[in-house]
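Biologist: I'd like to learn how to read a fold from its helices, strands and ligand shell. Can we walk through one together?

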Amino acid sequence: KITNHLPTAELQALDAAHHMHPFTSDGALAKRGVRVITGAKGVWLNDSEGHRIIDGMAGLWCVNVGYGRHELAQAAARQMEELSYYNTFFMTTHVPAIALAAKLAELAPGDLNHVFFASSGSEANDTNIRLVRRYWDVKGQPGKRTIIARRNGYHGSTMGGGSLGGMAPIHATGGIIDGIVHIGQPHWWAEGGEMTPEEFGLARAQELEAKILELGVENVAAFIGEPIQGAGGVIVPPSTYWPEIQRICDKYGILLIVDEVITGFGRTGNWFGSQTMGIKPHIMTIAKGLSSGYQPIGGSIVCDEIAHVVGNADDDFNHGYTYSGHPVAAAVALENLRIIEEEKIVDHVRDVAHPYLAERWHALADHPMVGDTKLVGLMGSLQLTPNKEKRAKFAAKPGTVGLKTRERCFKNNLVMRHVYDRMIISPPLVITTAEIDELIARAKLSLDEAYKIVKD
Ligand code: PLP
């Protein structure tokens, strides 16, 4: 029997033999030795070797209320006993889906009052592709099919989500679907040249207008973006960027989809990143923090206009998933939202992020290898560079120094991710100031060790 009690090497060998990992070359993984996680509580992970690891990434940006919450286990068990599954297709519904949709309508800003459920962020973005195209079809403008997205954005890894995303390695893995085009990202450090961040933010937003005019407004359905690009490297756009995007979408009547899969449910110090960045979307993509990762659930929160047009058409909206609104996932998500509200976790994010974490995070810019530092709420990034003034790149292949730094972090029992040579954090939102001190100390030590290796 395979249990936690087997020796690590045996578990690693079985894993290498039978388990294909996402976004990983399994041969390389087997050589490096995969770490076996056996349990977790709060912000702390345990591994099979007895280490206690600070999870600076909240899993994959999702464990907002921290690990090991008894209430969430209870909510799942109760719901499984009562109604373990039923679908929401055709003419049936159930209380967990009703209650969660109503709660999300209450929390979401503006007239985002309608929820279409999925089991992940990727699936929810696939829903969005169909939703916006269906909307324009019903409105009698079937030509409006193209969706404009951004290079280095991330919207998932289904064929739809991966196509909306602007990541070349994903596009190279099986191609992309038609009717999606990409414009530049607002990443000033890497691409801003001699412009000020504000000039660059404006210029990058105006690429949207140029693209709409090039394609013809009669062919454009929607624009999609993350309020703050997460998987692209926690790239916080210059302050000029989102107001200009909003102006352009409003001017041309282009639907605005904001992907809140990472930024939703408190991560940026508000319920949604749209509120932090002052954006008014027609559709929000949600997942991850919706259930704090305790159950796979995602969805699209949709404004009145789109929901009414699509919902009142003569023909059905022919789209959905077996697990859309899964009762157990919905019950867990509801309980998770109750915890976030009752424990005032969104306020806690604001309290610990500014100034406590912000002071310590930005002080890492004193390190010889750290250039740009960014932090919004509890998502942050550090740009590694051999020369801060010149915003230079390392001579080694992009990502080499980032990977070395991540490996040092891992050795020092801190999970921090790297995106090429940018280090990122997104810890559970319940992190305390004492745990922040520990995270910063381990990050500093790892940067010092990586710098020594890079220098020598
Ligand atoms: N959208 C964003 C912004 C994400 O960061 C992610 C995942 O990291 C997704 C969508 C895809 O979500 P999932 O992995 O649940 O399909």
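Biologist: How do H5 and H14 lie to each other, oblique or not oblique?

Modeller: One thing up front: this is a predicted model. For a helix pair, start with the angle and then the distance between axes. Helix H5 (residues 95-107) and helix H14 (residues 327-342) pack at about 40°, their axes 8 Å apart. Angles under 35 degrees would count as roughly parallel, so H5 and H14 come out oblique to each other. The crossing of H5 and H14 is left-handed.

Biologist: Which residues make that contact?

Modeller: On the H5 side, look for Pro96, Ala97, Ala99, Leu100 and Lys103. H14 brings Pro327, Ala330, Ala331, Ala333, Leu334 and Leu337. Sort the contact of H5 with H14 by class and you get ten nonpolar residues, no polar ones and one charged.

Biologist: And what is the angle between H15 and H17?

Modeller: Same recipe. Helix H15 (residues 345-363) packs on helix H17 (residues 433-455) at about 20°, with the axes 10 Å apart. That angle makes H15 roughly parallel to H17. Here the crossing is right-handed. H15 puts in Val352, Tyr356, Leu357 and Arg360, and H17 answers with Thr433, Ile436 and Ile440. By class, the contact of H15 with H17 has five nonpolar residues, one polar and one charged.

Biologist: On to the sheet: what is the order of its strands?

Modeller: With a sheet, read the order across it, then check the pairing and the edges. This one is open, with seven strands in the order S4-S10-S9-S8-S7-S5-S6 and mixed pairing. Strand S4 (112-118) and strand S6 (180-183) stand at the edges with a single partner strand each, so one side of each has no neighbour in the sheet. On average, and ignoring direction, neighbouring strands are turned by 25° against each other.

Biologist: In what sense do S7 and S8 pair, parallel or antiparallel?

Modeller: Strand S7 (residues 220-225) and strand S8 (residues 255-259) pair in the parallel sense, over four bridges. To find the register, put Ala222 opposite Leu255 in S8.

Biologist: Which strands does H6 lie across?

Modeller: H6 lies across S4, S5, S7, S8, S9 and S10, running at about 30° to S10.

Biologist: Last one: how many residues surround the ligand?

Modeller: There are 17, the closest being Ser120, Gly121, Ser122, Gly156 and Val261. Helix H6 (residues 121-138) supplies the largest share of that shell, three residues. By class, the shell has six nonpolar, nine polar and two charged residues.

How values were computed:
Residues numbered from 1 in each chain as written. Predicted model: local features only at pLDDT ≥ 70, side-chain atom pairs only at ≥ 80, totals over all residues. Near = placed C-beta within 6 Å. Helix = DSSP H or I, 4+ residues; strand = E, 2+ residues; numbered from the N terminus. Nonpolar A, V, L, I, M, F, W, Y, C, P; charged D, E, K, R; others polar. Axes fitted to C-alpha atoms, helices over the stretch in contact; angles between N-to-C directions. Parallel < 35°, antiparallel > 145°, perpendicular 65-115°, else oblique. Left-handed = near helix turned anticlockwise from the far one by under 90°. Contact = placed C-beta atoms within 7 Å. Pairing = 2+ DSSP bridges.
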